[in-house]
Amino acid sequence: MTVPRLLAATTATGLGLTLLAFASAVPVAYHPQAAARLRLSWSARPERIEVCRQLSAEEQAQREEHMRQRMECVGGFASYALVVEVDGRAIGETVVHGAGLRHDRPLYVLRDFPVPPGEHRLRVRLTRREKTDDDAAAFAEAVVPDADTGLYAGRAQREAAERARRARAAIPPELTLDTLVRLVPRQVALVTFNAERRVLELHGGGGTVGDVLVP
Amino acid sequence: MRLLQRLFRRLLTGLDAVLTRLYGWQRNPIHQAGTVAVAMLLVLLATGLYLVLYYRVGSPAASVARLAADPWLGGWMRTLHRYASDLFVIAAGLHALRMFAQDRSWGPRTLAWMSGLFLFGAGLVCAWTGFVLAWDSFGERLALEGGRLLDLLPLFSEPLSRIFAGDGPVPSAFFFVNLFIHIALPLGLGVGLWLHVSRLARPVLLPPRRLMWAIIGALTLASVLLPAPLGPAADALRLAAFTPIDLVVAWWLPISERLPAGVAWAGSLLLVLPALLVPRLTRRPREARWAPSTVDPRLCTGCNQCPQDCPWEAITMVTRDDGSPTLVARVDPAHCVSCGICAGSCAPMGVGPPGRRGRDQLAELREITLPALVMAGTLPTIAVCCSQTPATHRSALRAHGAHVHLVSCAGNLHSSVIEFFIRHGAPGVIACGCPPRDCVGREGPKWLHERLFNDREAELQPRVDRRRVGTATLAPGDLDGTVAAYERFARQLAALAPPVSERDVELDTLCDPVPLEETAK
């Protein structure tokens, strides 16, 4: 290899490597400078809507002993209307079902809305669409503690406890967040469901978030 | 598709020429694209083993930031890992493009093409998971896009994207799964690589040692001098204005993000499907296809040379049907790419693709080439060129007074052809092949040299004056080298006595077919 060729090859290799280093970390625009976002993200169990009736003693006697439930319930899972308003203007309206083909999985909400930076009045409402008088608590009240004896003692209480647990785990029939939000550029304000407190909450990402007006 | 092949061939020939001018054909990296990709896999394995020791799935961004900040080892190891992955993608992509442009993607090469696509795809997925593991703003951007695309498929009851929403920390399980894929896929790459070369005899997996260490050394130096920047740690509740993107691996990301997920999927299918269909779309029509080699059992002596020379393991030796004790060669047409190298390996000229066997080559000389040359006067110096060699080089040889005689591959040339020319009075014969790592037949120049100068079957007979025989490498971009090699050869010939022409040279009748029943007597 001649010296000029060696120099040319070295220069070309250096240039190639510099190009490789540059191409491996090119700054590419992602979000506009003056952008902010409202994000709704949560997951919760939908309420189970059931019509229950108490089985008579005759009906129970016709069943195998281990199949003798006091209550027989039919129904499905609730769906919810989600409305998002910013400064009184609806920016998102949708119906939320439980996931899965039979909508029996937990429902989820994951929506992003571009919102200009600044102070806004934010109102998020999640309302159950189905009307029902059915109430798991009422079912619990109907349970007679000593209804079952022997091998099946306490079954009625267990059934009631399970229903009550499911009812507690389900999302409430109505959730509302009405608040002021102050967004700085490139901030994401996050609305999520607090399963412990059973309310919608607003979280900011470094900017200031507003006070909850109606929790 | 043919148009696309021609376009890529033109582009790659141009690049090939530039790189040959810079590095010489012996060190041209484009000829080593496939092996460079494998070498980069090894670098990735070595650096990856180090990085995984310090990676924490519980605090991904912090552990990578610690590595990046380590000035002694971690910083440049991480950068080397990244640059090696980029070079892997570039080299594997170039290798695939070369195979496509050189029409080496169909027929018996289909398995290599398809497994190569798998390797390339798996490499990209591996790179994707690797960038996500770093969990900087680029990793987050890749994860978000991956989540968005996967959420369109009915895979998860809850969208994957929700774990990046910011209502909780991204679970360690996500990084664990990424790390698992990132480590498990290279094991799959090993199997894919085995499949990729499974139909090759003597597969070359690594570049020449000096070139490999030069590349690794240059990459290491670049890693020390130009460390790859790490973006700010991922933050779901902060919109990044800019992210440093690795455009080699994720050039598609800014485009994909702007498209609805369905359209992005359709676009990627539009890219992948034609690639998967390349073996079908580039397959030559039956009438234009070179037929696979055949064996004339009457001529086959069972010497076992053609199976040794075949670069595709398409020939095996089997027992004869007639109970004769010698073996006979059998060609598997499903494996034969019709490179014709077996034709050059068979001393009795009994094997090879129809029309390109040794005796076919001699018949063409006797009936067409020789009469034409004799009519023109005395025989000039003969330059036997591979049909793949650039036209400019052939023109230059003609301009220097040589007669250019084409063969399908240098390895297809039977040594009797050279003897034929010289015994008919040609001053000399120079056999010109492609650069060894650019040979479409894989091993043409290697076997040609062995047959001419190292007595490999079918060797050039001792009665031929070796001083009148030469070889040269015709590489695109090295016209000066071609001309210099020819001029050197011409000077060597000028120092010799004038050639003597013999009459009635009948080389092929030395090995005329003999009925098997006669050989048994």
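Q: In which sense, left-handed or right-handed, does helix 2 of chain B pass helix 4 of chain B?
A: In this predicted model, helix 2 (residues 33–54) of chain B packs against helix 4 of chain B with the axes 8 Å apart. The contact between helix 2 of chain B and helix 4 of chain B draws on 18 nonpolar, seven polar and two charged residues. The crossing of helix 2 of chain B over helix 4 of chain B is left-handed.

Q: Why is helix 2 of chain B described as roughly antiparallel to helix 4 of chain B?
A: The two helices pack at an angle of about 155°. Angles over 145 degrees count as roughly antiparallel. Helix 2 of chain B is therefore, relative to helix 4 of chain B, roughly antiparallel.

Q: How are helix 4 of chain B and helix 5 of chain B oriented to each other, roughly parallel or roughly antiparallel?
A: The axes of helix 4 of chain B and helix 5 (residues 110–134) of chain B come within 11 Å and cross at roughly 160°. Helix 4 of chain B passes helix 5 of chain B in a left-handed crossing. By their angle, helix 4 of chain B and helix 5 of chain B are therefore roughly antiparallel.

Q: How many charged residues belong to the contact of helix 4 of chain B with helix 5 of chain B?
A: From helix 4 of chain B, the participants include B:Phe88, B:Val89 and B:Met99. Helix 5 of chain B contributes, among them, B:Trp113, B:Leu119 and B:Phe120. The contact divides into ten nonpolar residues, four polar residues and, of the charged kind, no residues.

Q: Which class of residue, nonpolar, polar or charged, has 22 members on the side of chain B that touches chain A?
A: The contact between the chains brings 36 residues of chain B together with 39 residues of chain A. Elements of chain B that give two or more residues to this side include helix 1 (2–23), helix 4 (74–101) and helix 8 (209–225). Strand 1 (242–245) and helix 9 (247–250) of chain B also give two or more. Five residues of this side are polar, nine are charged and 22 are nonpolar.

Q: Which residue of strand 1 of chain B is the bridge partner of A:Val28?
A: Strand 1 (residues 26–29) of chain A pairs with strand 1 of chain B over four bridges, and the sense is antiparallel. Within strand 1 of chain B, A:Val28 has as its bridge partner B:Thr243.

Q: How far apart are the centres of domain 1 of chain B and domain 2 of chain B?
A: The domain assignment gives chain B a domain 1 of residues 2–14 + 33–281 and a domain 2 of residues 305–312 + 334–508. Each of the two domains places nine residues in their contact. Taken over C-alpha atoms, the centres are separated by 44 Å.

Q: Which strands are the edge strands of the open sheet with the order 7-6-8-9 in chain B?
A: This sheet has four strands, and its pairing is parallel. Neighbouring strands are turned by 25° against each other on average, direction ignored. The edge strands, each pairing on one side only, are strand 7 (403–407) and strand 9 of chain B.

Q: Which residue in strand 9 of chain B stands opposite B:Cys432?
A: Strand 8 (residues 429–433) of chain B runs parallel to strand 9 of chain B, and five bridges join them. In strand 9 of chain B, the residue opposite B:Cys432 is B:Ala472.

Q: What angle does the direction of helix 18 of chain B make with that of strand 9 of chain B?
A: Helix 18 (residues 479–494) of chain B packs on the sheet. It touches strand 6 (382–386), strand 8 and strand 9 of chain B. With the direction of strand 9 of chain B, the direction of helix 18 of chain B makes about 170°.

Q: Why do strand 7 and strand 11 of chain A each have one side left without a neighbour in the sheet?
A: The open sheet of chain A has four strands in the order 7-2-10-11, with mixed pairing. Strand 7 (107–115) and strand 11 (199–203) of chain A stand at the edges. One side of each is free of a neighbour in the sheet because each has a single partner strand.

Q: What is the omega of the cis peptide bond that joins B:Glu457 and B:Ala458?
A: B:Ala458 is placed in the loop between helix 17 (444–453) and strand 9 (469–473) of chain B. The bond joining B:Glu457 and B:Ala458 is cis, with an omega of about -15°.

How values were computed. Residues numbered from 1 in each chain as written. Chains lettered and ligands numbered in written order. Predicted model: local features only at pLDDT ≥ 70, side-chain atom pairs only at ≥ 80, totals over all residues. Domains from an automatic or database assignment. Contact = placed C-beta atoms within 7 Å. Nonpolar A, V, L, I, M, F, W, Y, C, P; charged D, E, K, R; others polar. Pairing = 2+ DSSP bridges. Axes fitted to C-alpha atoms, helices over the stretch in contact; angles between N-to-C directions. Parallel < 35°, antiparallel > 145°, perpendicular 65-115°, else oblique. Left-handed = near helix turned anticlockwise from the far one by under 90°.
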